[in-house]
Amino acid sequence: MIDQQRLVWILDLLVERAAIHAGQKQDVLNRGRDQARHILLDKRAQMRRMLGRHRVAYRVTEIELVASFRFQVADNVDEKVDEEYITQMVAESLELPFIHLDPLQLDYRLVTSAFGGPFAERHLIVAIEETDKQLTIAMADPWDDELVEGIARVKNKRIHVVVAAKSDILGVIVEFHGFRRSMRAAEKDFASEFPDLGNLEQLYALQDVSELDANDKPVVRAVWYLLNYAFEQRASDIHLEPKRDEGWVRMRIDGVLHRIHRLPKVVLPALISRFKMLARMDIAERRRPQDGRFKTAHEDQEIELRVSTVPTAFGEKVVARVFDPGVQLKELEHLGFFPRELATFKGMLAQSSGLILVVGPTGSGKTTTMYTSLQHLYSPRVNIVTLEDPIEMVQEDLNQIAMQPRIGLTFGSALRNVLRQDPDVIMVGEIRDEETAQNAVQAALTGHLVLSTIHTIDAASAVGRMLDLGVLPFLLSSVLVGAVAQRLVRRICPVCAADDVLQDDEVLALRIQGARGKRLKVRRGMGCVKCRYTGYRGRTGLYEVMPATPRISTLINEKASAQEIKREALNDNMLTLREYGIKKIAYGETSFDEVMAVTDDRTVY
Ligand SMILES: [Zn+2]
């Protein structure tokens, strides 16, 4: 039940700080009761699913209620009166420290032993530090003095109260009393029955040992937690890795691998078996690498996971790649193009025939750009055929053909056949040999729009690469619509971004012209729960968009060098990847480190 007095106190505090105005306060007071009921129904159902039991104690707090109105601080679009904002303000006002809870920093034994799960849940408390004389607890609802006194009596210790956001605290409770409890149960169940798969010899020896039951409930639940955590964190890969004495769970988030869990060694094979079972692999087979896939749902979206296994020195390792359909539903507008580059790129895609090359190393986001472009081009009147190796995202609107080199179905050979299918647009996964290059140009010459990728460092070098693959300069110059080089950088977390200035040595390293001695304002992620204290959340693209202008076509025809072509493009105001990155830093979208990591300053002047 909402405590009306406390609610008014919070609202007054917000009005006093000019975060909200009196009208908004009245709005909360008028609609609060209904709103609280909705939150309760929603959250209780969510908690039931997460904890896997019917009885859950969920109380809507006053802070949560006010936050659910999603006000903006003094109507400022950038700052929200969210749970963290209000909790921080309340803590300040009560003269209590406010902290962020990082699950990886907490002592699992203390959290799970100090208070039972349901008690912690009901009172929204987590024990975070304990000494002989004092116990530090994080509370989401720091008003309950009686509770604090009670705990002090039972524990016979001084209680030090700090304040944390409710979502942080519930996250820890679910994580520790959920996932880790499943792990302990699994450990207990399996420890006695199964030998340590400590090395390869034992792995071979295991052939005759009866299989551990991957259907066992704690294991099912543990995998469920892992998957949900991966989806919440937008992880692209989940790694289950046996080490000498323990098992690791690592996840790749925004391109960086993070270690999420360290597990008892005996438990890992159970998790691995569960993944293999879901992906319909042969569970008994541990020496041969296997591939498989399965689909699951998260927040009403279907997510596909591709699972592969390899034997390692310490046992079997599993990697699951997450294919989030949200990725392919992106629009060109969301890939990180600035307006001018977006207009130029759309202009290229508007051509009815010709060749467009997307350029960059593995992991630079080329595939996403290609799929998004195809989606942009799709209409019921357009026949789009793709040649892929392998098919990365299944899309109904496309006619997708998977390459099978073993039976001679390669990009080069498939391209010839596909022309009989009357395509308007053809996507070729990658141009990496002469046959593919020649046939892609032929297809473009005969009235098709061909999109493909090529491995070179920048847009201008793509021309040289095509000529190296034996394409005649006059043919390439007549079909090339343009080339786009790209890289991915991590995006600064919008939740914890703060103003900052570029350091002098950073300005120098970026060689920003005319910037000497000036204070250049940038943004920096300070680290928060939302970004796992990395300061980054999500990724965005850097693009070098080079349309083949008449001047550039002439240069290609004259076999000009990549430098000459690039110089001409720069004359036409093309931004290099580095310059594009600098612009992104200036706009507060990414950081100096990110741009330096993926670009160089091989600009030709
Ligand atoms: Zn953050």
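Colleague: Quick one to start: how many bridges join β1 to strand β2, and do they run parallel or antiparallel?

Modeller: Five bridges, and the two strands run antiparallel. This is a predicted model, by the way. For a concrete pair in there, I125 has M139 of β2 as its bridge partner.

Colleague: Which sheet is that part of, and in what order do the strands come?

Modeller: An open one with three strands, ordered β1-β2-β3, and the pairing is mixed. At the edges you have β1 (125-130) and β3 (158-163), each of which pairs on one side only. Ignoring direction, neighbouring strands there are turned by 30° against each other on average.

Colleague: And which helix packs on that sheet?

Modeller: Helix α7, residues 145-155. It touches β1, β2 and β3, and its direction makes about 150° with that of β2.

Colleague: Let's zoom out. How many helices and strands does the protein have?

Modeller: There are 23 helices and 18 strands. The protein has 605 residues, of which 52% count as buried.

Colleague: What about contacts: what share joins residues at least 24 apart?

Modeller: 66%, taken among contacts between residues at least 6 apart in sequence.

Colleague: OK, now the seven-stranded sheet. What's the strand order?

Modeller: β12-β11-β13-β14-β10-β15-β18, again an open sheet with mixed pairing.

Colleague: Which strands are at the edges, and what does that leave them with?

Modeller: β12 (399-402) and β18 (536-547). Each has a single partner strand, so one side of each has no neighbour in the sheet. As for twist, it averages 20° from one strand to the next.

Colleague: Does anything pack on it? I mean, which strands does helix α14 touch?

Modeller: Helix α14 (residues 366-377) packs on the sheet and touches β10, β11 (384-388), β12, β13, β14, β15 (480-492) and β18. The direction of α14 makes about 170° with that of β14.

Colleague: Let's stay with β14. Is that strand buried or exposed?

Modeller: Buried: six of the six residues of β14 (449-454) are, so the strand is largely enclosed by the rest of the structure. L449, L451 and T453 point one way, while V450, S452 and I454 point the other way, and all are buried.

Colleague: How does β14 pair with β10?

Modeller: In the parallel sense, over six bridges, with β10 covering residues 354-359. Within that pairing, G354 has L449 as its bridge partner, and L355 stands opposite V450.

Colleague: And β13, how many bridges does that one have to β14?

Modeller: Four, and β13 (residues 425-428) runs parallel to β14. V450 turns up here as well, as the bridge partner of I426. Between the two strands the chain crosses through helix α16 (residues 434-445), giving a right-handed β-α-β crossover.

Colleague: Switching to helices. At what angle do α20 and α21 pack?

Modeller: About 175°, with the axes 10 Å apart; α20 is residues 550-557 and α21 is residues 562-571. With that angle, α20 is roughly antiparallel to α21.

Colleague: Which residues make the contact?

Modeller: On α20, R551, I552, L555 and I556; on α21, E564, I565, E568 and A569.

Colleague: And how does that split by class?

Modeller: Five nonpolar residues, three charged and no polar ones in the contact of α20 with α21.

Conventions: Residues are numbered from 1 along each chain as its sequence is written. This is a predicted model: local features need pLDDT of at least 70, side-chain atom pairs count only at pLDDT 80 or more; totals for chains, interfaces and linings use all residues. Side-chain values use heavy atoms; hydrogens and water are left out. Axes are lines fitted to C-alpha atoms, for helices over the stretch in contact, and angles run from 0 to 180 degrees between N-to-C directions. Angles under 35 degrees count as roughly parallel, over 145 as roughly antiparallel, 65 to 115 as roughly perpendicular and the rest as oblique. Contact means heavy atoms within 4.5 Å. Ala, Val, Leu, Ile, Met, Phe, Trp, Tyr, Cys and Pro count as nonpolar, Asp, Glu, Lys and Arg as charged, and the others, Gly among them, as polar. Buried means under 20% relative accessible area, exposed over 50%, partly exposed in between (1.4 Å probe, protein chains only). Two strands pair if DSSP finds at least two bridges between them. A crossover is right-handed if, with the strands pointing away from the viewer, the path from the first strand over the helix to the second runs clockwise.
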